[in-house]
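These are my notebook entries on a single chain. I record in them what I looked up, one topic at a time.

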Amino acid sequence: MASSRNADNSASKRTGPTGVPVAEASPNAAHSQAGEYLTTAQGLRLPDTDHSLKVGDRGPTLLEDFHLREKITHFDHERIPERVVHARGAAAHGVFESYGTAKSVTKAKFLAEKGRQTPVFARFSTVLGSRGSADTVRDTRGFAVKFYTDEGNFDLVGNNIPVFFIQDGIKFPDVIHAAKPHPDREIPQAQSAHDTFWDFVSLHTEATHHVMWNMSDRGIPRSYRTMEGFGVHTFRLVNGAGETSLVKFHWKPVAGIHSLVWEEAQITAGVDPDFHRRDMADGIDAGAFLEYEFGIQIMPDDGTDSFEGIDLLDPTKFVPEELAPVQLIGKLTLNRNPTNYFTETEQVAFHTGHLVPGIEVTNDPLMQARLFSYLDTQLTRLGGPNFSQLPINCPHAAVNDMLRDGMHQSAIHTGLAPYRPNSIDGGEPLVATPEEGGYVQSPRPIEGTPVRAHPASFDDHFSQATMFYRSLSEVEQGHIVEAFTFELGKCYEQAIKERELQVLANVDADLCAQVAAGLGLPAPKGTPAEDVVLSPTLSQIVVEPGPIAGRKIGVIADAGSDLAGVAKLRKSAEKLGASVLVIAPVGGVLGRGSRKEVVERTLLTTRSVEFDALVVAGGTTPTGDIKLVLLLQEAFRHCKAVGAWGDGHAVLQDAGIGPDGPGVVVGDSVVKTFTDDLFAAIGLHRAWERAADVMASAVPPAG
Ligand code: HDD
């Protein structure tokens with residue numbers, strides 16, 4: 001028999017005690033938490049794990065205490081190096097179902113076959129922060145998906161922003177060193193608002209486009225559920241007839257694209273640093289699964305690697321959807337939380353080189369460097385070359401490689417000949433032709449002399465940044481102005497601020513003038529592109545209410561409130577996948593019997609940022625409590641839906657919120673018109689009409 005690991009497909013379907021698939025060829029694979037009794041790692045039952053073995057109960061500890069030494073030694077080595085970037089993350093299992101609509105462009109079976117379901121594991125992350133940093137910081141978000149296809153694992157290691165800071169992967173250490181905390185004091189954590197980041201990007205103008213996205217609402221997503229995802233690079237797809245096309249990959253969230261506002265993001269980082277991971281885990285537990293449609297923009301592979309004047313190998317550029325519409329080819333549903341953070345979320349290893357037949361890379365120099373980096377980084381992080389044997393990384397396709405030994409080898413290989421050609425193992429394993437699923441790169445003529453250079457088509461650093469800014473609504477542009485003013489305002493070096501203003505002058509004169517005014521500096525003159533064609537699809541602001549699954553509604557109540565109304569509101573909200581949490585002055589239970597409501601938050605344990613909307617129940621007594629006033633005013637200031645039924649509106653009034661106005665929903669009782677209006681207001685995400693009156697402005701008042 002051929003030497004093999006996990007040789008048959010059913011192997012991966014065997015599960016260990018925690019439900020995690022166990023590699024077939026490892027009959028002794030580590031079983032955690034099996035058996036009734038506490039044991040050592042060798043399976044020896046233990047009578048006591050609280051006292052070390054001592055000479056008398058007041059004497060010194062004996063070296064012979066093998067249990068003490070094993071316990072402490074293992075503990076001492078519990079941590080592995082965190083990811084050098086994207087250290088902070090959360091993940092979920094799910095399923096990808098193909099629409100079959102990509103069949104004409106790719107032979108990848110998981111995409112080509114209609115209705116085919118493929119298990120996936122998706123990990124979302126921030127880029128800059130350490131593993132324990134806050135979720136809601138301003139940053140790019142990672143959006144990495146591992147598809148366990150029958151043809152091998154395919155990893156799409158993308159971001160929530162379609163462009164990147166650098167055009168060549170050789171500069172990745174530079175941009176990351178500049179963005180990470182300063183090397184002397186290791187501050188600030190998980191943020192770009194500091195001198196070294198702005199020093200780098202102001203000197204390195206190809207970063208301008210990505211910086212614009214980071215400073216926009218995209219840098220502070222509301223949740224993973226409401227985040228777009230992008231493969232960023234151009235990929236080459238190959239169909240069954242060997243024809244190729246160039247594509248960009250997109251994830252379109254079914255829940256719409258929504259963000260936090262900056263003040264909310266900052267407060268949340270303190271009040272609930274786990275906001276995004278909690279939101280995802282709670283949503284999945286409540287059956288409100290995260291859903292994204294998978295899409296591709298298709299461009300002809302005509303040998304130019306460009307489309308409508310856009311160099312498709314330049315990762316600082318994207319293709320506007322108006323030029324190449326996103327065609328939907330499947331749906332991802334994240335429906336199961338990991339069982340164990342470390343073994344799944346921490347140990348998952350993505351790699352841009354995990355490809356399947358029908359999907360290939362292009363010459364994008366950023367992509368080319370990534371193809372080296374992702375494999376390399378695992379050697380340090382996961383302690384050697386056998387990380388693909390970890391259950392979360394283990395392909396569901398049959399694996400029959402000739403890779404042997406190495407640290408943490410857990411496969412028990414059979415056969416004598418891990419080499420080819422051989423006669424001893426009957427010449428096996430066999431190599432596969434393309435018809436048998438062998439991965440063969442499609443023909444791609446390459447010639448030239450080795451140079452360290454980039455093409456002239458990479459020189460335009462500003463026009464798409466200008467297009468992005470000008471395509472947004474006034475409210476969104478205002479957020480960008482505020483973000484630049486905040487970030488540059490946190491820099492100490494005057495020269496850096498001035499240099500970045502010069503960059504902005506080349507993006508948009510008005511943007512530059514407003515940021516300069518906020519910084520109290522003169523606005524330099526630049527030469528922004530005047531003839532950009534706008535891309536209205538870039539704006540996130542919706543005019544029609546979207547789904548509210550996964551959203552949280554806080555209901556302010558007390559012992560005298562209309563608890564039947566609360567129950568009714570909860571029932572209607574849950575039908576749409578949203579949840580209702582009761583906030584009361586003190587903890588415990590309100591009411592009794594069938595009219596009982598458990599208090600989930602008190603004015604001490606909550607803050608408005610936890611909720612997408614706040615509603616005051618009828619019958620609630622206005623107390624004038626400053627914490628309650630703050631709760632409501634904050635939600636109002638963040639343009640969230642607020643409301644009340646019955647005489648609950650008096651509590652709103654106490655907080656200075658009148659019954660009229662956008663996003664304020666009042667009614668006599670919890671009837672359908674009331675809940676419909678409330679859910680529609682939440683579905684619009686924010687009452688932006690309020691923004692001009694209630695949000696901080698970066699621009700000082702005239703005069
Ligand atoms: Fe990267 C992790 C996304 C450029 C080197 N990257 C990492 C993760 C995501 C991305 C989502 C976290 C995966 C996970 O959840 O485990 N990276 C991107 C995108 C890029 C990009 C969208 C540009 C389009 N990355 C990039 C370059 C390099 C790297 C140019 C190096 C030349 N990235 C890494 C890495 C990481 C990583 C050092 C750290 C942990 C890991 O790989 O497994 O290899």
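**Entry 1: the sheet.** In this predicted model, I looked up an open sheet of six strands and found the order β17-β14-β13-β18-β19-β20, with parallel pairing. I noted that β17 (601–602) and β20 (664–667) stand at the edges; each has a single partner strand, so one side of each is left without a neighbour in the sheet. For the β17 edge, I traced the pairing with β14 (residues 579–584), which is parallel and runs over two bridges. Ala584 has Thr602 of β17 as its bridge partner. I then looked up the helix that packs on this sheet, which is α17 (residues 672–683). Helix α17 touches β13 (552–556), β18 (613–616), β19 (641–645) and β20, and its direction makes about 170° with that of β20.

**Entry 2: two packed helices.** At what angle do α5 and α11 pack? I found about 105° between α5 (residues 208–215) and α11 (residues 474–489), with their axes 8 Å apart. Angles from 65 to 115 degrees count as roughly perpendicular, and therefore α5 is roughly perpendicular to α11. I listed the residues in contact: α5 contributes Val211, Met212 and Met215, while α11 contributes His479, Ile480, Ala483, Phe484 and Glu487. By class, the residues of this contact are six nonpolar, one polar and one charged.

**Entry 3: the iron atom.** Which residue is the protein donor of the iron atom of the ligand? I found that Tyr374 is the only one, through its OH atom at 1.8 Å. I placed Tyr374 in helix α9 (residues 365–381).

**Entry 4: backbone exceptions.** I began with a general point: most residues other than glycine have a negative phi, and most peptide bonds are trans. I looked up the exceptions in the loop between α3 (172–179) and α4 (195–203), where Pro188 is placed. A cis peptide bond joins Ile187 to Pro188, with omega about -5°. Ala190 lies in the loop between α3 and α4 as well, and its phi is near 55°, a positive value in a residue other than glycine. I also noted a cis peptide bond between Glu428 and Pro429, with omega about 0°. Pro429 is in the loop between α9 and α10 (463–471).

**Entry 5: the whole chain.** I recorded 18 helices and 20 strands in the chain. Along the principal axes, the C-alpha atoms fill a box of roughly 85 × 75 × 55 Å. I compared the radius of gyration, 28 Å, with the value near 27 Å for a compact globule of 703 residues, and the chain agrees with it.

Definitions and conventions
Residues are numbered from 1 along each chain as its sequence is written. This is a predicted model: local features need pLDDT of at least 70, side-chain atom pairs count only at pLDDT 80 or more; totals for chains, interfaces and linings use all residues. Side-chain values use heavy atoms; hydrogens and water are left out. Two strands pair if DSSP finds at least two bridges between them. Helices (H or I, at least four residues) and strands (E, at least two) are DSSP runs, numbered from the N terminus. Contact means heavy atoms within 4.5 Å. Axes are lines fitted to C-alpha atoms, for helices over the stretch in contact, and angles run from 0 to 180 degrees between N-to-C directions. Angles under 35 degrees count as roughly parallel, over 145 as roughly antiparallel, 65 to 115 as roughly perpendicular and the rest as oblique. Ala, Val, Leu, Ile, Met, Phe, Trp, Tyr, Cys and Pro count as nonpolar, Asp, Glu, Lys and Arg as charged, and the others, Gly among them, as polar. Donors are N, O and S atoms within 2.8 Å of the metal (3.2 Å for Na, K and Ca); water is not among the atoms, so sites may look incomplete. The radius of gyration is taken over C-alpha atoms; the globule rule is 2.2 Å times the number of residues to the power 0.38.
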